[in-house]
Amino acid sequence: MNPYIIFFVGLLILGLLFAYFAAEKDRNKKKIGTLVTIVLVGLCGLAMKTEGLKSGIDLKGGSAFTVRVDPKKDEQTGQPVQVTPQDQQTAIQVISKRLDPDGVKDMTIQAQGDDRITIEMPGTTEEEAKEIAEILQKQAVLNFRAVHPDNATLAFQVESGASTRPPGYELLQEPVRDEDGKPVTEPILDDEGNPVLNKAGKPATTPVTSPILVKRRVEVKGSQIKSAFPDFSRPGVMNIVLTKSGGEAMRKYTANIVPGRDRMAHVLDGKVLSAPGFQSKNLGAQFIITGISGGTAEVERLSQQLMNPLENPLMIEEQRQVSARLGAATIKQGIYAGIAGLLLTLVFVTIYYRFAGIVALLGLVVNIAILFGAMAMFGFTFTLPGIAGIILTIGVAVDANVLIFERLREELAAGKSVSGAIKSAYEKAFSAIFDANITTLITALILFWRASGTVKGFAITLTIGILASMFAALLVTRVLFWWFQDAGAVKKLSFLNLVPDRTIDFLSKGKIAFFISGGLIILSLVMGGIKRENALGIDFLGGALTRFELGDKEIPVPEVQASVEKLTLDKIPQVQEEKSASGFSLAVRSSEQDVPAVVAQLRETFPQLAEIEYSTENVSSSLGADFLKNSLIALGIGLVGILIYITLRFEFSFALGAFVALAHDVIICVGILMLLGREFSLIHVGAILTIAGYSINDTIVVFDRIREQLQLRSGDISVIMNEAINATLSRTILTSATTFVAVLVLFIFGGSAMRDFALAMMIGVIVGTYSSIFVAAPVVAWWSKKRGTNLRAEVIDAQLEAQVMPGKG
């Protein structure tokens, strides 16, 4: 979409939101809220229609490139230097930064053999694939070298053979430019002297060059460039800022030059971009490069490449199309099962809350429209962890409505009118919805900032989803209630009530819960210590890539996957179909020791493979150590952010309770999965992150009611905490049950890959529900008692100090 449209419509929406919250009369709020909903949904609908949704490699497949890392040349001798594993890893890092600087494209890069790299890009077109190929082969090593003082006469003599090349110099070609600084070109002629036409049917041209003698020794290296960016006011001009060492090297080099005589060549990948003369001595760390052809867009792309130069040149050996890692049948099964689970949830909410459930359903439709529209609008890629983010988003959205409607039930039971009960319910539910979503949002934003790869896909989806669910729950459904009230459709509200109205002493069960949780945590840690790397799949550990070249024949991927899954293997293999200019091929990623068993099984199941030779090469992990490290760092920073926020909004005892409950849930879920013999892969990353988000959301809702009761009532704190937990018990059971049922449908009908995700989620829902009741609140009570502090007084003080005040619906 046109960025200007997005910008101006975004400003309009922001202004309408300010007007909505500033309005005092409900009538004005209704009109403004309706307008902002129509504008936002319209914008998202337009984005969906014009841009569509982009799927990741795991869901859709895409283009794959195999590139060879060629030796770099020694600066002094010009001789090639052998490629090392470090060269290979450096190239992987540079490619990642060039092709996916924001980390949102679900790109996969793997080392293959000793000097090859496999790159997979999701859903690329033919034109995009060509552009990627150009970017990959652009070494983008920019060096600054001295031009020979007598170049004007000596360069032509060396080129013609009339003179020998001076020691330490090499002869290159410099573009000839006209008076305006534009490159001079000449027509390309065929053998008969006729002009050659390009694809557009116009005469093809080639740049006119002249010889230039450039010193081999580099005065300032490309690695010393701190930043490079286009000058938007002058086409073809790039601003260069050097690092501290680069600035010192430049000053040292230009201290003894002769202005008007000496020149400096800007050499990019062995070709001279330009060679301007010096106007003065002692240049600093900032200067410009002029005369870059291709306009501002080319300068911008070149700037990105210069910031990530390749020390070794790359050669593309093969380009092919790859199928989705999960397979079309698996994806279709998962989508249908997910939709079925969601529909069951919505039907239950509608039956349970009746008319209010219909309002919630309409709000959820708006929520999903905004989520998908925003993903399309900004070109974000849907991945499997991204779908996990959607599931968590829908769970959070349903939970927000349940919170409001349970409050509504309480207000109606207290004898308030329907209108008064609705208004009060939204006001009282606001703080729980706000705090629960903000804590999850903190984690999502930090994951996007610090994590890498697929975790960013989860973070993006979750961030958009949280904002969309807050908008839908707090504004859209409120506006709908106003319209229905004005139309006379909301005269009476009634709900089902499946949770018995009784008070359970949960805090007294703290010791029993402590032993249960402690035992499970110890068991989980012991399992982790025993299994270690054996618990990780090939996504994390790497292995071997076995490829059968099929030619014009094709074997269905689901049948191949089903065949290898019958084996008892060290690691679960991954199967993909590939298509290149030479035809189809079948690629199976497995552990090295499993290759013979996989090959034997496939040849037995598919006799045509017995006549086909196969190739096997080692491949690195698709996620890798950096992925794990970055994700763990992001989660750690996220936990610190949550601790700070909850301490400010509640009190430190609550922050500690939330931290313990979250760590408790993640450790136990991972432990149970290891106990069940599951190996961790990409799909479990999404599941664990979803569990963490679900856990913190559930815990904050309980904490919010405890805080509210402590502010309003006096008496024994344990009694008040018990009553607060019981007051949210209906909401806790409803939200957990609906989420569990939706995931259970995914587990039963979603296929093998989705089944692993669903199993982890079901464990997470059970453990998270248990911890929000039996772990989080008892930790709060225990810590405040241990410190000998007055929890009620600290909660009131924290509330007074907090600057975030509950809004009014």
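User: Which residues line the largest cavity, and what makes a residue part of a lining?

Analyst: The lining is Leu403, Glu406, Arg407, Ala432, Val701, Asp704, Arg705, Ala727, Thr728 and Arg731. A cavity is a set of points, on a 1 Å grid over the protein atoms alone, where a 1.4 Å probe fits but cannot get out; a lining residue has an atom within 4 Å of such a point. This is a predicted model: local features need pLDDT of at least 70, side-chain atom pairs count only at pLDDT 80 or more, and totals for chains, interfaces and linings use all residues. Residues are numbered from 1 along each chain as its sequence is written, and side-chain values use heavy atoms, with hydrogens and water left out.

User: What is the volume of the largest cavity, and which helices supply at least two residues of its lining?

Analyst: About 90 Å³. A volume is the space filled by probe spheres set on the points, with grid points joined across faces, edges and corners. Helix 11 (384-413) and helix 20 (682-712) each supply at least two residues. Helices are DSSP runs of H or I with at least four residues, numbered from the N terminus; strands are runs of E with at least two. The whole structure has nine cavities of 30 Å³ or more.

User: How do the residues of the two linings divide by class?

Analyst: The largest cavity has four nonpolar, one polar and five charged lining residues. The second largest has seven nonpolar, two polar and no charged. Nonpolar covers Ala, Val, Leu, Ile, Met, Phe, Trp, Tyr, Cys and Pro; charged covers Asp, Glu, Lys and Arg; the others, Gly among them, are polar. In the second lining, Gly357 and Asn401 appear, so they fall under polar.

User: Which helix gives the most to the lining of the second largest cavity?

Analyst: Helix 10, with four residues. Helix 9 (328-353), helix 10 (355-377) and helix 11 each supply at least two. That cavity has a volume of about 60 Å³.

User: How do you know whether the span of helix 10 agrees with its 23 residues?

Analyst: The expected span is 1.5 Å times one less than the number of residues. For helix 10 that gives 33 Å, and its end C-alpha atoms are 33 Å apart, so the two agree. Gly379 follows helix 10, with a positive phi near 70°.

User: Why is Thr477 called buried or exposed?

Analyst: Buried means under 20% relative accessible area, exposed over 50%, partly exposed in between (1.4 Å probe, protein chains only). Thr477 has 0%, so it is buried. Its place is in helix 13 (residues 454-486). Beyond residues up to four places away in sequence, Thr477 touches Val359, Ala360, Gly363, Asn401, Tyr426 and Ala472. Contact means heavy atoms within 4.5 Å.

User: What is the phi of Arg354, and where is this residue?

Analyst: Its phi is positive, about 55°, although Arg354 is not a glycine. Most residues other than glycine have a negative phi. Arg354 lies in the loop between helix 9 and helix 10. Its relative accessible area is 36%, so Arg354 is partly exposed.

User: What makes a set of residues a nonpolar core, and which have the most contacts inside the largest one?

Analyst: The set must be buried Ala, Val, Leu, Ile, Met, Phe, Trp, Tyr and Cys residues joined through side-chain atoms within 4.5 Å. The largest core has 130 residues; Tyr353, Ile646, Phe654, Phe703 and Ile706 have the most contacts inside it. Outside its neighbours within four places in sequence, Tyr353 contacts residues including Val402, Phe405, Phe495 and Leu734. Across the chain, 52% of the 809 residues are buried.

Conventions: 1 Å grid on protein atoms, 1.4 Å probe; cavity = no way out; pocket = protein on both sides within 12 Å on 5 of 7 lines; lining within 4 Å.
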